[in-house]
Amino acid sequence: ALTGSDSADTFVLATVDNATQLKANDIVFEDINTTIDASTNGTGSDKLTSDFDATLAGAAKALISKGFTFQNIETADLNTKALTGSGSADTFVLATVDNVTQLKANDIVFEDINTTIDAGANGAGSDKLTSDFDATLAGASKALISNGYTFQNIETADLNTKALTGSGSADAFVLSTVDNATQLKANDIVFEDINSTIDAGDNGTGSDKLTSDFDATLTGASKALISSNFTFQNIESADLNTKTLKSTDASDTFTFTDANTFNVNDISFTDVATVVAGGADSVIDTVKTAGNKAELTGASNELKVSGITFQSIDVADLAGVNESGEVNNGSLSGSSKADTFVLATVESETQLKANGIVVNNSNTTIDAGDNGTGSDKLTSDFDATLAGASKALISNGYTFQNIETADLNTKALTGSGS
């Protein structure tokens, strides 16, 4: 075996006369044990210069190049060749040292290496990058770019408060609680200590998605929302895992694209339990159900569509079209509590309000719903006709069922033909 001194030693691996040559402190070594301990030293630094790819050995200051395993190496120059991680948990550190960017891996300072570094697949281990620079997702799982280096198979990244930006492809961001702490994952990398504003990046056909176990709030800007104190920009879809979405003080429109998905501010939302709209009295918040059924909840300005409860809603548009292109408007039904329905003329048009919500393009048959002690009431500025059935009447083309009280504002009531 060859062992280094307690001073700074130099090891050089190169090809000479078509053969691999190892030099140590200017001595050419032949036929030696392939494990070389450069030895510990104080202020000195043992250095390997290699014309071959290198692989981290898993231990601190240890690496393998061209079949030689070097231990206690402080610096390695790979002459543009590639560095690969071990099968264990490796650490990579990008920092500024003496005004120069320095890359350390398992306590070895690397110089002149290929800028693509594969941290290596491992089982229970976790390869970690700590960087003092901004980072950009590379689009692939566990891949990111920081200060010109592309890291692959990274499980954890600490950006020291710097910014994370998405790739030009479809990126996935996940916010959840792990071990009683909030965890952010992006493309399968756990991020720590990053800037709280994350730009998912522009992409063409790709769709950047946030999955969050926390409530979210719209910011008012297109494709932007806040969840668990992180502000996400350029997000195309969001899954809130049954949590609540809060609107802005501006006028927002929630548009259903299918039975379980709605779009607002250019973000498609799924698995939302409650949407809290509202804000200033002057704004108008609208739900467009795309023909899905709407149900009143009994509360003012509140309705439920596809299991999602919308609060502080001003307008509900139930217009819908079936697969054949025919009009197929959604139905409106009352709650089990006392609901109020108002038919009036507003700006020369007939307006239907239900529990304070202006309802447009609904099916003309409205079931106010069964209730116990509550009393569903219709107030109409138009004549009414009894429909023949119990608690049913017709006014201005709408048929109301299960109405307990009707105020016709001096207009006429006509009996049915029954």
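Is T289 buried or exposed? I will start with that residue and work outwards. Please keep in mind that this is a predicted model.

T289 sits in the loop between strand 33, residues 286-288, and strand 34, residues 294-296. Its relative accessible area is 0%, so T289 counts as buried. Setting aside neighbours within four places in sequence, T289 is in contact with F256, V305, D317 and L318. The next residue in that loop is A290, also between strand 33 and strand 34. A290 has a relative accessible area of 42%, which makes it partly exposed. A290 also has a positive phi of about 55°, although it is not a glycine.

Now the chain as a whole. There are zero helices and 48 strands. How does the radius of gyration stand against that of a compact globule? The chain has 33 Å, where a compact globule of 418 residues would have a value near 22 Å. Along the principal axes, the C-alpha atoms fill a box of roughly 115 × 40 × 35 Å. Of the 418 residues, 43% are buried. The accessible surface is about 18900 Å², and carbon and sulfur atoms hold 43% of that surface. Among contacts with a separation of 6 or more, 71% join residues 24 or more positions apart.

On to the interior. In soluble globular proteins, nonpolar side chains tend to be buried together. Here the largest nonpolar core has 94 residues, and the members that touch the most others are F110, F191, L245, F254, F262, F269 and F310. Which strand gives the most to this core? That is strand 32, residues 267-276, with four residues. As for F110, beyond four places in sequence it touches L56, L63, A76, L78, L83, L103 and A105.

Strand 32 is worth following through its partners. With strand 29, residues 237-246, strand 32 pairs in the parallel sense over seven bridges. One of the positions there is A238, whose bridge partner in strand 32 is F269. With strand 31, residues 261-264, the pairing is antiparallel and has four bridges. In that pairing V264 has I267 of strand 32 as its bridge partner. Strand 31 and strand 32 form a hairpin with two residues between them, and N265 in the turn has a positive phi of about 50°. Strand 36 runs parallel to strand 32, joined by three bridges. V276 stands opposite Q311 in strand 36.

Next, the aromatic residues. The structure holds 14 aromatic pairs. One of them is F256 with F310, an edge-to-face pair with 5.9 Å centre to centre and 65° between the planes. What does this pair tie together? F256 lies in strand 30, residues 253-256, and F310 in strand 36, residues 308-311, so the pair links parts that are 54 residues apart in sequence. Both rings belong to buried residues: F256 is at 3% relative accessibility, and F310 has a relative accessible area of 0%. Ring pairs also link F254, F256, F262, F269 and F310 into a cluster. Several names come back here. F254, F262, F269 and F310 are among the core members that touch the most others, and F256 is one of the contacts of T289.

Two more places before I stop. The first is L184, in strand 22, residues 181-186. L184 has a relative accessible area of 2% and is buried. What does L184 touch beyond four places in sequence? The list is V174, L175, I189, V190, F191, I194, I198, F230 and F232. For V174, which is 10 residues away along the chain, the C-alpha atom is separated from that of L184 by 5.7 Å. F191, also on the list of contacts, is one of the core residues that touch the most other members.

The second is K142, in the loop between strand 16, residues 135-137, and strand 17, residues 144-146. How exposed is K142? At 25% relative accessibility, K142 counts as partly exposed. The cut-off for buried is under 20%. Phi of K142 is near 60°, a positive value in a residue other than glycine.

To go back to the opening residue: T289 is a buried residue in a loop, and its contacts include F256, which is paired with F310.

Methods. Residues are numbered from 1 along each chain as its sequence is written. This is a predicted model: local features need pLDDT of at least 70, side-chain atom pairs count only at pLDDT 80 or more; totals for chains, interfaces and linings use all residues. Side-chain values use heavy atoms; hydrogens and water are left out. A nonpolar core is a set of buried Ala, Val, Leu, Ile, Met, Phe, Trp, Tyr and Cys residues joined through side-chain atoms within 4.5 Å. Buried means under 20% relative accessible area, exposed over 50%, partly exposed in between (1.4 Å probe, protein chains only). Contact means heavy atoms within 4.5 Å. Rings of Phe, Tyr and Trp (its six-membered ring) pair if their centres lie within 6.5 Å; planes under 30 degrees apart count as stacked, over 60 as edge-to-face and the rest as tilted. The radius of gyration is taken over C-alpha atoms; the globule rule is 2.2 Å times the number of residues to the power 0.38. Accessible areas come from the Shrake-Rupley method with a 1.4 Å probe; for residues, only the protein chains shown count as cover. Two strands pair if DSSP finds at least two bridges between them.
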